[in-house]
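I opened my notebook to look up which charged side chains pair in this model and how well they are covered. My entries follow the structure shown here.

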Amino acid sequence: MLENLADGKYYTAFVRAVRGSYKTPEKIIQITTVSNVINPPTLKSSVVFEGTIMLEWDAQLPADFSHFKIVRKLGSEERIYHLTANNFTDVGVPNGKLISYLISLVNKSGGQSQPLNIQVKTFPEKPKVSYKYENGRFSFVFENQNDYDVDFRVDRNGQEVYRGREKNFVDDVKADGSDYIYKVYAVSQGMQSKPVELLVTAYAPLTAPKVNVSQSEDLIVISILRPETKDYKESVLEINGVIYKTELFSVKNEPDKVYKVKAYWVNKAGDNSAVSELIIETFPRQPIVDYKLDGNQVILKISDPSKVLKAEKFVILYGANKFETTSNEISISIDTTKVLHEFRVFSIYKEKTSPQTTIVVVAK
C-alpha cells in the first residue's frame with residue numbers, strides 16, 4: 001500500500017517480487033492520484049473588439065486534468081463549451097451587452113474547481129439621438145442603447161464639445177445659416193461606438209427683409225436687400241398677386257396705379273421669412289378742364305378722370321397767382337388789360353401731382 005501521496009499528482013512505481021535471492025523483472029505502474037482540491041483559474045487578459053471577445057487565463061493544472069468548462073450567459077441564453085486550451089475567443093457577439101463567463105477546471109473524475117466569474121461588456125452600440133433647433137441653439141437628447149452605463153461624446157466639425165453621462169446637451173452656435181456636422185458616440189472603458197452623424201444647419205432668424213423703392217419719370221424700381229446669412233436661397237416679390245422670384249423688379253411709373261407689394265426671402269430648407277408689405281401709389285391722371293368767360297370772370301370746370309387715385313384737390317396757377325379748390329368748379333378774375341390768359345391746372349393726391357393741363361383763354 002502506498003500512503004501519503006499528494007492529491008492530483010502523477011507517480012511512477014517500479015514493482016517486483018523478491019524471494020530469497022530470486023527477483024522477478026520490474027513492472028512499471030503509472031499512478032495518478034485524484035485531485036480533491038482544484039484551484040480555480042485566474043484571469044490573465046480579456047480583449048474586446050466589435051463582435052469579438054478574447055479571454056485568456058492562468059491555471060495550475062493537476063495531473064488528472066481533463067478540460068476547462070466555460071459557461072457563457074447572455075440574458076436568458078446559456079451556452080457551454082469544453083476545451084483544453086487556456087484561452088477562448090467568442091465571435092459574433094452583439095454590441096452593447098453584458099456577457100458572463102464562468103470558467104472551471106475539470107479533472108478526469110469529473111471534479112470541478114470553483115468557477116472564475118468574468119463579466120465582459122461587449123463593444124458599445126451607438127446611441128439614439130434626437131435634437132431641436134431654435135435661434136442658434138441645438139438641444140440634443142441621447143438614449144443609451146446598451147445594457148450598461150456609458151458616457152456620451154459629441155464632436156462638432158471634428159472637435160469634441162461634450163463628454164459626460166448626462167443625456168441632455170445644449171450647444172449654442174451663431175445663427176447665421178452655417179452647416180455643422182455633429183457626431184455622437186457611446187463611450188465605455190476606452191471603447192467607442194460607431195458615431196451617429198447629423199448634418200444640421202443653424203438657420204438664421206426668418207426676419208422680414210428691407211425693401212427699397214426708387215422712382216424715375218418712367219420707372220419704379222423695387223429691390224429687396226438680401227439678408228447676410230449663409231442659408232439664403234432666393235428672394236420673392238409679389239406685386240398685385242403676381243409672384244416674381246427676384247431681388248429686383250421694375251414697373252412702369254404710370255398715372256392712377258397702385259402696386260401692392262409683398263417681399264420675403266426663402267432659406268435653403270424652403271422656409272419663408274416674415275413678409276414686408278408696402279403700397280406704392282403713383283399719381284393722379286391729368287385733369288380735364290373746360291371753361292367759360294363771364295365778363296372779367298373765367299369759370300373753370302375741372303373733372304378728374306382717375307379711377308383709383310382720385311384727386312383730393314386741384315391747383316390752378318394763373319400768372320403769379322395760385323388757387324386751390326376741392327370743388328369741380330372755380331371762378332377766377334382776370335386782368336382785363338390782357339387779351340391772352342394762361343391757366344395751368346393740376347390734380348393733387350396725397351401730395352402727388354398730376355401732369356398739368358394748360359388752357360389759354362382769349363378775352364375779347
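**Salt bridges, one pair at a time**

I looked up K44 and E56 and noted that their side chains meet in a salt bridge (3.7 Å, N to O), a term that stands for a side-chain nitrogen of Lys or Arg within 4 Å of a carboxyl oxygen of Asp or Glu. K44 lies in strand β5 (residues 42-49) and E56 in strand β6 (residues 52-58), so this pair ties together parts that are 12 residues apart in sequence; strands here are DSSP runs (E, at least two residues), numbered from the N terminus.

Before going on, I wrote down that this is a predicted model, in which local features need pLDDT of at least 70 and side-chain atom pairs count only at pLDDT 80 or more, while totals for chains, interfaces and linings use all residues. Residues are numbered from 1 along each chain as its sequence is written, and side-chain values use heavy atoms, with hydrogens and water left out.

Next I checked cover, where buried means under 20% relative accessible area, exposed over 50%, and partly exposed in between (1.4 Å probe, protein chains only). K44 is exposed, at 52%, whereas E56 is partly exposed, at 27%.

I then turned to R72 and D90, whose side chains meet in a salt bridge (2.5 Å, N to O). R72 sits in strand β7 (residues 65-74) and D90 in strand β9 (residues 87-91), so that the pair links distant parts of the chain, 18 residues apart. Both R72 and D90 are buried.

My last entry is the total, which comes to 18 salt bridges.

How values were computed
Helix = DSSP H or I, 4+ residues; strand = E, 2+ residues; numbered from the N terminus.
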